[in-house]
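Here are my notes on the model you sent over. They start with the sheet and end with the helix.

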Amino acid sequence: MEQTSREELEKAFGWILDEHLSQAVLSAPAKNAEDGSISHCRLRPVLLQNELKFQAEEQRGKQAFHKNLSKDEAMAYLTELLDGKLKQAELTSAKGSVLVLVSKKGKVTVKVKRAAVRIAAPSAAADSLLTHNRKKRYVLEEGKPVPFLVDLGVMTEEGKVVKARYDKFRQINRFLEFIEDILPKLPRDRELTILDFGCGKSYLTFAMYYYLKELNGYSIRVIGLDLKEDVIALCNRLSRKFGFDKLTFYHGDIAEYEGVNAVDMVVTLHACDTATDYALAKAVGWGASVILSVPCCQHELNRQMKNETASPVLGYGLLKERMAALMTDGIRAQVLEHYGYRTQILEFIDMEHTPKNILIRAVKQGKKKQNGKEIHQLLKEWNLAPTICELLPVRETAQESMTR
């Protein structure tokens, strides 16, 4: 990057990077970017120990990484990303905006737009919004009563979140954020069928229905399935009470459910052990466009796992249990890739609230990943025979996959 371009960027970043910044979004990876390199980045201001910092979230492949930077560090960081890695940056602030475009030949264009209204110094209330745990924009907003959340004891009638249920409120909103991301994958020209396996008390099922139908106007039919008859009876009563006429709950087992022929989205939250595998297999068999799964209690591979190289570590029961859980979800994700899904493993909620915090999000893209050989090698080296590979057989060669 030429020195004049670098100076122009630093001047623009120096002006906009302060407590008034809403966010900075960098995107459009360079064509010469390598696999695993950064694909996009978001940056926002936070207040840590009474000091203004800028938190960067960068996406590399299927993983997100975070770092906290001073203003000078943030300026250098953004400038470096635009020097051959990313080609576009958009920074928005109460003060105005900065747009940066980098051409194929490396020419940098910086457009600064200043707001017409002068911004006053930040108040104490504004400062509080910068704290690391500051009030954020939730999909279901605080202060606006949502009938089913009031009835379930998460909100008061005035819309205030009950302090003891705040973790549940955050969990519901985090789940809706995952759905918000995949809305473009859901057609609007017909009724969608959504299945929720192992729905339990159905906080998230009600939230999903409310968000998709009431807030976004989707035509949907949602089916909840669980093994507890008393829970199913309660959920059906609540569904009728809320007027959710297209949300129905049934008593049944995931592996044996045959109530539909095609499904658009399958949700499975905390289905124990291999029940998650049966739900994933059902979803693939139905050709579901979207799968959202939060696994639970992965015991199967813990009983099977053997590896001579890793045996010193596997001798510690707690570590073996955690490795088995991670291995289970990693194999599930790879099998879904094998069947034509773009799969991500994401953090559902903070580890401080529950260790079961991994969500598998899979979106059908049609192109099958030829990873059968690698999967079989992994299973062989670790002495594994997971249920997911029995339900969804993995072929080692492309030719075998074509004849599947």
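1. In this predicted model, seven strands form an open sheet in the order β4-β3-β2-β1-β5-β6-β7, and the pairing is antiparallel. β4 and β7 are the edge strands; each has a single partner strand, so one side of each is left without a neighbour in the sheet. From one strand to the next, the twist averages 15°. Strands of a sheet pair through backbone hydrogen bonds, either parallel or antiparallel.

2. At the β4 end of that order, β3 (residues 51-60) pairs with β4 (residues 63-69) over 7 bridges, in the antiparallel sense. One position to check on screen is Q55, whose bridge partner in β4 is N68. The hairpin of β3 and β4 has 2 residues between the strands, and G61 takes a positive phi near 60° there.

3. Further along the order, β1 and β2 are also joined in the antiparallel sense, over 3 bridges. Here A24 stands opposite L43 in β2.

4. Strand β2 spans residues 38-48 and includes R44. Is R44 buried or exposed? Neither label applies: the relative accessibility of R44 is 23%, so R44 counts as partly exposed. The cut-off matters for this residue, because buried means under 20% and exposed means over 50%. R44 and E57 are 13 residues apart in sequence, and their C-alpha atoms are 8.8 Å apart in space.

5. Helix α1 covers residues 3-16, which makes 14 residues. From its first C-alpha to its last α1 reaches 20 Å, close to the 20 Å expected at 1.5 Å a residue. The buried residues of α1 are S5, L9, A12, F13, W15 and I16. These residues cover an arc of only 160° around the axis, which puts them on the same side of α1. An α-helix has 3.6 residues a turn, so residues three or four places apart point the same way. On the other side of α1, T4 and K11 are exposed.

6. What covers the buried residues of α1? The cover includes the helix α2 (71-81) and several strands, among them β1 (21-29), β5 (86-93), β6 (96-102) and β7 (108-114). For a figure, I would show α1 with its buried residues S5, L9, A12, F13, W15 and I16 together with these covering elements, and mark T4 and K11 as the exposed residues on the other side of α1.

Conventions:
Residues numbered from 1 in each chain as written. Predicted model: local features only at pLDDT ≥ 70, side-chain atom pairs only at ≥ 80, totals over all residues. Heavy atoms only, no water. Helix = DSSP H or I, 4+ residues; strand = E, 2+ residues; numbered from the N terminus. Expected span 1.5 Å × (residues − 1). Buried < 20%, exposed > 50% of the residue type's maximum accessible area, 1.4 Å probe, protein only. Arc of directions from axis to C-beta. Contact = heavy atoms within 4.5 Å. Pairing = 2+ DSSP bridges. Axes fitted to C-alpha atoms, helices over the stretch in contact; angles between N-to-C directions.
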